[in-house]
Amino acid sequence: MSRLEQRIQPELEQFIQQGTYKRLNFLDSPQGPRVRMEGRGEVILLSSNNYLGLSNEPSVVAAGKEALDRFGAGTASVRFICGTFTVHRALEAACARLVGTAASPSFVSAWNANEAVPGTLLTENDLIISDQLNHASIIDGIRLAKAITKCRTAVYQHGDLADLDARLAAASDRQVKMVVTDGVFSMEGAIAKLPDLIELCRKHEAVLVVDDSHATGVLGDHGRGTAEHFGVVGELDIITSTLGKALGGAAGGFVAASAAVCDYLTQRARPQLFSNALAPTVAASSLASIEFLEAHPERVARLRENAGYFRDQLLGLGFKPLPGQTPIIPVILGETSAAIQMSDLLLAEGVFVTGFGYPVVPQGQARVRCQISAAHSRDDLDQALAAFRKVGRQLRLI
Ligand SMILES: Cc1ncc(COP(=O)(O)O)c(C=O)c1O
């Protein structure tokens, strides 16, 4: 065993003893309200970001197949050399149109998009302030930006506008102040208070960056995201988002912003300059997803209805999910092992809901997180609720 393996092997064993070891489940069917899971058969999926059910939508799948024939499998190049295809241009125009900005360069993931923004745009004269519960990709993007640019960094208490105000006020020496928040916090389902954040950022002349990965296709009557939810489309400085959740469940991400910011990213963003562009098949499926969304706002309404129904029924059973308005519905259980146990028992009942523990969520706040899709039928949801009732009673939670 190498020295490295000697160090990590006992840790792996400890994960197993503590009941925190993650076992991968293998699917053998497309993402959908019900999936075929190896060794389990058909299970109801309440653990997917496929919020609109688009990952297996016929027009989305067909667009990927057509692109495969037209453009081939890969880009074989980074964007600025010869990896940009006409389908990238069409996709980027559609992303910008959807979220209401001038431009929107694509990235191979939202992780990459979040990494690109601070590291490319900030300098040692600047400050970036991040909500305490922001996604790991934002946190790591900031850590990287600090190492690369020597910018100053800070964290404000989750959703605490007074704390943010004070920190911005204390940073008047900074040339650029950048505030970054998730639009929808993925582990809580909470929505960032955008109107207040916009006002505060204007007061301090700060740039507001919103990661809308769990809001694009989900919030607002037309799925245009957190800005549409609050009626402030066009008022955000920078939006990052994923093409891998509501928008088709494929992969990829984008940064939507002014023409100048996007142009600068195209000139300088290292994750784009030194990594192959999004595969054309994926770009085409994502473009078809956006076109589907634009033509079918009723899918977003259906998602909202399903999420409201599931939340109300869970409450009726005696569970206490975190309050919220999004299709992310977490039930807090405390210890990581409790969340994993509940997830295992639900899976034995044919319902797949992932349990999350430390370090993904804070110590003592482990949870199972339900994610509802527009594709779930009432029957799917009722069957899942019956499993929750059985397991909830077994664990004396209700
Ligand atoms: C808030 C948030 N941002 C970014 C990402 C990363 O998205 P991608 O899978 O496109 O890298 C995720 C995915 O979990 C997320 O939840």
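**A tour from S289 to helix α6**

Select S289 first: outside its neighbours within four places in sequence, S289 is in contact (heavy atoms within 4.5 Å) with L54, V60, L247 and G248. The model is predicted, so local features need pLDDT of at least 70 and side-chain atom pairs pLDDT 80 or more, while totals for chains, interfaces and linings use all residues. Numbering runs from 1 along each chain as its sequence is written, and side-chain values use heavy atoms, without hydrogens and water.

S289 sits in helix α12, residues 280-295; helices are DSSP runs of H or I of at least four residues, strands runs of E of at least two, numbered from the N terminus. S289 counts as buried because its relative accessibility is 0%; buried means under 20% relative accessible area and exposed over 50%, with partly exposed in between (1.4 Å probe, protein chains only).

Next, select N114, V117, P118, I128, I138, I142, M178, V180, V209 and T240, which line the largest cavity. Its volume is about 60 Å³. α5 (110-121) supplies the largest share of this lining, 3 residues.

Now show α6 (136-149). Its buried residues are S137, I138, G141, I142, A145 and T149. Seen down the helix axis, they fall within an arc of 135 degrees (directions from the axis to the C-beta atoms), so they line one face of α6. These buried residues pack against α5, β4 (127-131), β5 (152-156), β6 and β7 (207-211). Turn to the other side of α6 to find R143 and A147 exposed. End at K150, which follows α6 and has a positive phi, near 65 degrees.

Terms used. On a 1 Å grid over the protein atoms alone, a cavity is a set of points where a 1.4 Å probe fits but cannot get out, and a pocket is an open set with protein on both sides within 12 Å along at least five of seven lines; lining residues have an atom within 4 Å of a point. Grid points are joined across faces, edges and corners, and a volume is the space filled by probe spheres set on the points.
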